[in-house]
Amino acid sequence: MTQIPHSLASFSLKDKVIVVTGGNSGIGKAIVEGVGSLGAKVVIDYRSHPERTEELIEEVGELGGQSIGVQADVSKLEDLQRLIDTAVQKFGKIDVMVNNAGIETRTSILDTSPEDFDKVMNVNLRGVFFATQYAAKQMISQGSGGRIINISSVHEDWPMPNNTPYCVAKGGVRMLTRTAGVELAGKGVTIVNVGPGAVATPINDSTMNDPELLAKLNAAIPIGRMAQPEEIASVVAFLSGNGASYMTATSVFADGGIMMSSPGL
Ligand code: BGC
């Protein structure tokens with residue numbers, strides 16, 4: 001009889017310790033709910049709105065999971081280290097680090113100020129770089145290895161005019177995942193990017209509040225609509241489990257086909 005290499009049990013996240021940055025809103029919140037409902041122990045990093053984190057912790061409990069909140073700004077290295085340390089103090093290890101926190105300024109190359117540039121880089125690239133470094137050191141030292149999942153974007157590869165700093169940072173995350181993924185593969189640490197397309201979250205409020213722009217966006221997406229955050233969280237849940245053990249140094253896109261969109265000319 002042919003042996004099935006991974007039974008469906010490999011999709012369980014029972015007792016996996018998963019840290020999610022930017023975990024109390026948008027895609028991060030959906031990831032926390034998703035992996036929490038599959039039995040993970042979740043560390044919710046957040047920068048603002050502690051009350052939302054409290055509500056989420058309760059919700060995860062109702063879903064059968066366990067979670068804690070840690071207020072930490074991923075653009076500050078001492079906060080990042082404290083996030084990792086708190087996760088280990090509370091749950092003993094880190095199996096999955098989800099670098100989800102992200103911001104954008106929607107500014108063109110012509111009018112991006114040095115402050116805008118630094119702000120975006122510090123969260124979207126420097127924060128991901130050092131969270132990867134700190135988490136990987138912990139995963140190596142705990143002996144069991146682990147997985148790093150970076151919530152990137154279609155814009156790690158696909159230009160978005162007038163959002164230049166964001167695209168530059170996401171392009172950096174693309175190469176971070178490829179390079180660090182190759183470096184760390186032999187040490188039991190795997191790294192995968194998830195590249196969402198347009199998702200109905202606060203980062204896209206300005207588009208969603210502009211009916212004309214929203215119609216234009218929907219028309220550009222082969223599936224014909226924006227994603228719900230849960231449609232990204234389910235990909236992260238799969239990647240967090242043992243079923244994704246052979247994936248590293250690569251990107252997975254959940255974009256409704258937008259990167260391949262073609263007018264058919
Ligand atoms: C950006 C959004 C954009 C979407 C699709 C996301 O990464 O944050 O502003 O609408 O990509 O282009």
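On a 1 Å grid over the protein atoms alone, a cavity is a set of points where a 1.4 Å probe fits but cannot get out, and its lining residues have an atom within 4 Å of a point. Grid points are joined across faces, edges and corners, and a volume is the space filled by probe spheres set on the points. The structure analysed here is a predicted model, in which local features need pLDDT of at least 70, side-chain atom pairs count only at pLDDT 80 or more, and totals for chains, interfaces and linings use all residues. Residues are numbered from 1 along each chain as its sequence is written, and side-chain values use heavy atoms, with hydrogens and water left out.

The predictor's confidence in each residue is given as pLDDT, from 0 to 100. The chain has a mean pLDDT of 95. A value of 70 or more is reached by 96% of its residues. Helices (H or I, at least four residues) and strands (E, at least two) are DSSP runs, numbered from the N terminus. Confidence is highest in strand E4 (residues 96-99), at a mean of 99. Helix H6 (residues 205-208) is lowest, at 94.

The structure holds 2 cavities of 30 Å³ or more. The largest has a volume of about 40 Å³. Its lining consists of Thr21, Val74, Asn99, Asn100, Ala101, Val123, Gly127, Val128 and Ala131. Helix H4 gives the largest share of this lining, 4 residues. Residues were classed as nonpolar (Ala, Val, Leu, Ile, Met, Phe, Trp, Tyr, Cys and Pro), charged (Asp, Glu, Lys and Arg) or polar (the others, Gly among them). On this basis the lining of the largest cavity has 5 nonpolar, 4 polar and no charged residues.

The second largest cavity has a volume of about 30 Å³. It is lined by Asn99, Ala101, Asn124, Val128, Asn150, Ile151, Lys170 and Val173. H4, strand E5 (146-151) and H5 each supply at least two of these residues. The lining comprises 4 nonpolar, 3 polar and 1 charged residues.

A pocket, by contrast, is an open set of grid points with protein on both sides within 12 Å along at least five of seven lines. The second largest pocket has a volume of about 160 Å³. Phe129, Thr132, Gln133, Leu176, Thr179, Ala180, Glu183 and Leu184 form its lining. Helix H4 (114-141) and helix H5 (164-184) each contribute at least two residues. H5 provides the largest share, 5 residues. By class, 4 lining residues are nonpolar, 3 polar and 1 charged.

The ligand is surrounded by Glu104, Arg106, Ser153, His155, Met160, Tyr166, Gly197, Ala198, Ile203 and Asn204. A residue counts here if one of its heavy atoms lies within 4 Å of the ligand. This shell divides into 4 nonpolar, 4 polar and 2 charged residues. Polar contacts (pairs of N or O atoms within 3.5 Å) were also examined. A side-chain N or O atom of Ser153 lies 2.7 Å from an oxygen atom of the ligand. For Glu104, the corresponding distance is 2.8 Å. A polar side-chain atom of Asn204 is 3.0 Å from a ligand oxygen atom. Taken alone, the ligand exposes 310 Å², of which the protein buries 93%. Accessible areas come from the Shrake-Rupley method with a 1.4 Å probe.

Key
Polar contact = N/O pair within 3.5 Å; in protein donor to acceptor, adjacent residues only side chain to side chain.
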